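Biologist: I'm new to this one, so could you pick a single part and walk me through it slowly? I'd like to see how it is built and what sits around it.

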Amino acid sequence: MSGDHFQNENQVDCGSRVNDSHKHRDKHKEHKLKDHKKDKERDKSKHSNNDYKDSSDKKHREKEKIRHKDGSADKHKEKRKEEKIKDGKIKKEKENGFGSMHVKSEPEDLYHAPKHEKSLKRERDDDDVEFKSKKIKTEDDKKAKKRKHEDVKVKPKGKVKKEVADGKKKAKKEPEEKWKWWEEERATDGSKWKFLEHKGPVFAPPYEPLPSRVKFYYDGKQMKLSPEAEEVATFFAKMLDHEYTTKDIFRKNFFKDWRKEMNSEEKSKITDLNKCDFNEMAEFFKAQSEARKSKTKEEKLKLKEENERLLQEYGFCIMDNHRERIANFRIEPPGLFRGRGDHPKMGMLKRRIRPKDIIINCSKDSKHPEPPPGTKWKEVRHDNKVTWLVSWTENIQGSIKYIMLNPSSRIKGEKDWQKYETARRLKKCVDRIRNQYRDDWKSKEMRIRQRAVALYFIDKLALRAGNEKEEGETADTVGCCSLRVEHIKLSPEKDGQEFVVEFDFLGKDSIRYYNQVPVEKRVFKNLQLFMENKEPDDDLFDRLNTTVLNKHLQELMEGLTAKVFRTYNASITLQQQLKQLTNSEDNIPAKILSYNRANRAVAILCNHQRAAPKTFEKSMQNLQTKIDAKKDQLSDAKRELKSAKADAKVRRDEKTKKSVETKKKAVERIEEQLMKLEVQATDREENKQIALGTSKLNYLDPRISVAWCKKWGVPVEKIYNKTQREKFAWALDMAEEDYEF
DNA sequence: CTAGTGACTTAGTACTTTATAC
DNA sequence: GTATAAAGTACTAAGTCACTAG
């Protein structure tokens with residue numbers, strides 16, 4: 001199934017983050033059709049209306065938002081409490097990880113390796129909804145029993161090995177075997193943990209005022225700033241070299257927020273950002289970072305040790321008897337917001353987070369983290385239906401930020417595993433779904449046709465779902481459901497192909513998606529229909545949004561959402577490409593090249609791009625020089641071999657014979673080195689603007705890669721670095737060479 | 001149905017460390 | 001050893017998607 005269906009026509013054609021070339025958006029902003037969606041009867045003549053609506057509404061909305069922010073905490077609290085009471089035992093099947101994983105009709109032998117029996121069993125157990133309520137208890141008991149017997153398990157802590165055995169506490173910390181959580185039972189009651197203890201977050205270091213010799217000038221005259229204003233000024237000064245600081249919006253937002261931090265005197269004096277001279281500050285910070293770089297070994301070591309201490313103290317938590325690594329235990333320091341693309345809020349002040357902004361989440365029976373002396377947490381709660389340890393509300397978008405666990409943790413790993421299992425279930429019914437949406441292209445109902453065409457794009461092109469976004473709050477980017485007429489161009493015939501759709505839009509992170517795709521005639525006709533009588537900035541799928549789409553998908557397969565298609569298509573593409581590209585006679589570097597190429601095919605499909613490294617051209621040249629040198633060396637070696645051979649023919653003694661052998665070896669070695677370099681060059685060239693990391697980390701079922709490594713004798717370290725191996729420990733442990741996605 | 005919220009995954013870039021070349 | 005490049009890590013923004021209240 002599938003494979004060829006997805007030949008990806010997608011050329012990563014120069015896709016660049018588009019800042020200026022995609023301005024086209026701005027001019028339409030004013031009448032974006034958010035509201036259009038509501039009216040099924042779209043009224044074309046309303047533009048002036050919308051204009052009016054938007055400008056007045058925006059302000060209103062902003063005010064609204066501010067109010068919400070203030071009230072939200074309490075509202076939230078109340079809601080939580082209620083929930084807890086109700087939630088006690090009731091919501092069982094809904095949230096439980098693999099519970100929803102398997103479709104009933106699934107064939108028994110999903111896994112081929114016998115080793116998996118255990119986990120397979122568990123999945124099936126969970127799967128059986130009927131039995132669940134009866135089972136929960138016994139399962140939980142079993143688990144509880146099991147866990148009671150376990151001591152706190154701790155991961156090896158790297159270099160810190162000195163304090164092994166002194167005192168009980170330390171003894172407990174002794175590294176044990178890696179915990180194989182994937183061989184254990186999973187909670188079935190929707191709780192994410194039973195016990196959680198941690199030390200709370202690490203706050204950003206307090207502001208250190210500048211030394212008095214570092215001056216700020218306004219309008220050519222020196223001016224002493226209050227600490228509050230100075231701090232914000234330094235944020236700007238630190239970015240002076242950055243392109244951001246030349247952008248109008250950035251400057252405007254910065255200046256507005258900066259003025260809020262000024263005292264009245266400063267406020268009255270400093271009225272024009274262009275008259276501000278931050279250069280001395282900027283110089284100071286440059287010098288400071290230079291100094292940091294040129295520190296002596298001892299100083300650097302000291303810093304490193306301090307860091308390690310912090311990590312050991314705050315970087316781990318205890319969750320259900322295991323010591324687990326926290327991902328981001330440091331609170332984001334204050335600074336200027338750097339949005340990506342044309343972000344309307346770039347340059348705004350991201351304010352400092354204080355203890356009173358922080359909500360702590362941990363178990364009731366744990367030792368709660370202490371706020372810094374003289375401060376209080378906003379709240380300490382005990383919600384085991386969520387995975388986060390700490391949260392706070394950020395002031396730019398008003399969204400919540402979290403401190404959560406590392407990808408190597410059980411809680412993240414289980415979820416990740418589950419994600420790939422859902423994708424594999426899709427594999428089993430994707431044909432059916434494809435047939436269905438093809439049928440739906442003919443539907444009488446517009447909304448069904450739109451849904452079907454959108455789904456086709458999501459499937460074929462691995463587009464993201466495309467939620468609606470609040471206008472003016474974020475950069476103007478789109479996904480499938482939010483595509484606008486202006487983002488596609490139809491050509492009945494182009495470059496010798498029929499029915500070509502040309503996509504050109506900014507996706508997540510304002511990365512440009514550009515692709516020319518020949519589509520089926522029906523799709524083409526439908527698109528023409530959808531575009532009829534619409535303005536460029538009207539929604540292409542005006543009867544569709546992600547909620548509707550996902551509701552539909554849910555009906556087609558339990559747990560199916562738009563993003564599952566991305567996961568599925570990415571993983572299946574990798575598997576196929578590996579099959580296709582791997583050459584059994586190749587040596588290891590060549591096999592790795594094949595792997596990278598397969599990986600790259602996926603990255604292209606998913607449009608994972610990166611800025612070409614600044615030093616790209618130069619490093620490419622260097623490599624070429626090396627290759628040339630190696631070639632010379634090779635021909636020399638060959639020449640020598642030849643003469644040695646000739647020599648041997650004449651002389652026929654042991655010594656010359658031996659010399660031939662050595663020369664032969666030398667040639668072989670050099671050939672291999674050359675080949676390695678050439679492979680490297682190809683790989684790098686092809687990788688110029690493509691980022692492999694994202695797909696490797698988020699879309700490719702790691703068991704495919706592990707199986708491939710085992711099959712071809714490639715050390716898994718060549719594919720996954722240490723961090724990645726930790727994240728995918730479950731896959732390394734369970735995938736055998738015959739694993740099939 | 002819609003708007004808003006919350007939790008969690010996915011994303012590219014900036015910075016830091018390590019490996020390799022000289 | 002030092003300089004440079006590559007690899008790895010930290011950071012945090014920007015998505016997805018479920019759920020709830022009105």
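Modeller: Let's take the stretch 620–687, where the chain is 96% helix and 0% strand, yet the end C-alpha atoms are just 12 Å apart. Keep in mind that this is a predicted model. UniProt, in an unreviewed entry, labels residues 620–687 "coiled-coil region", and gives residues 286–313 that label too. Over residues 286–313 the chain is 89% helix with 0% strand, and there the end C-alpha atoms are 31 Å apart.

Back to our stretch, and to helix α17, which runs over residues 616–651. With 36 residues at 1.5 Å a residue, α17 should span 52 Å, and its end C-alpha atoms are indeed 52 Å apart, so the two values agree. After α17 comes R652, whose phi is positive, near 55°. Then look at α18, residues 654–686, which is part of what covers the buried residues of α17.

Which residues of α17 are buried? They are F616, M620, L623, I627, K630, L634, A637, L641, A644 and A648. Notice the spacing as you read along that list. An α-helix has 3.6 residues a turn, so residues three or four places apart point the same way.

Now step a little further along the chain, to Y699, in the loop between α19 (693–698) and α20 (702–712). The unreviewed UniProt entry puts the feature "active site" at Y699. Is this residue buried or exposed? Y699 has a relative accessible area of 15%, so it counts as buried, the cut-off being under 20%. Leaving out residues up to four places away in sequence, Y699 touches Y420, R566, T567, A570, S571, H608 and T694.

Several of those names lead us to helix α15, which covers residues 562–581. The axes of α15 and helix α12 (residues 446–461) come within 8 Å and cross at roughly 30°. That angle makes α12 roughly parallel to α15, and the crossing is right-handed. Where the two helices meet, L455, I458 and D459 in α12 are in contact with A562, F565 and N569 in α15.

One more stop in α15 is Q577. With a relative accessible area of 19%, Q577 is buried too, because the cut-off is under 20%. Not counting residues up to four places away in sequence, Q577 touches T582, A598 and A601.

Conventions:
Residues are numbered from 1 along each chain as its sequence is written. Chains are lettered from A and ligands numbered from 1 in the order in which they are written. This is a predicted model: local features need pLDDT of at least 70, side-chain atom pairs count only at pLDDT 80 or more; totals for chains, interfaces and linings use all residues. Side-chain values use heavy atoms; hydrogens and water are left out. Helices (H or I, at least four residues) and strands (E, at least two) are DSSP runs, numbered from the N terminus. The expected span of a helix is 1.5 Å times one less than its number of residues. Buried means under 20% relative accessible area, exposed over 50%, partly exposed in between (1.4 Å probe, protein chains only). Contact means heavy atoms within 4.5 Å. UniProt positions are given in the numbering used here, feature names are shortened, and annotations may be inferred rather than shown by experiment. Axes are lines fitted to C-alpha atoms, for helices over the stretch in contact, and angles run from 0 to 180 degrees between N-to-C directions. Angles under 35 degrees count as roughly parallel, over 145 as roughly antiparallel, 65 to 115 as roughly perpendicular and the rest as oblique. A crossing is left-handed if the near helix is turned anticlockwise from the far one by less than a right angle, and right-handed if clockwise.
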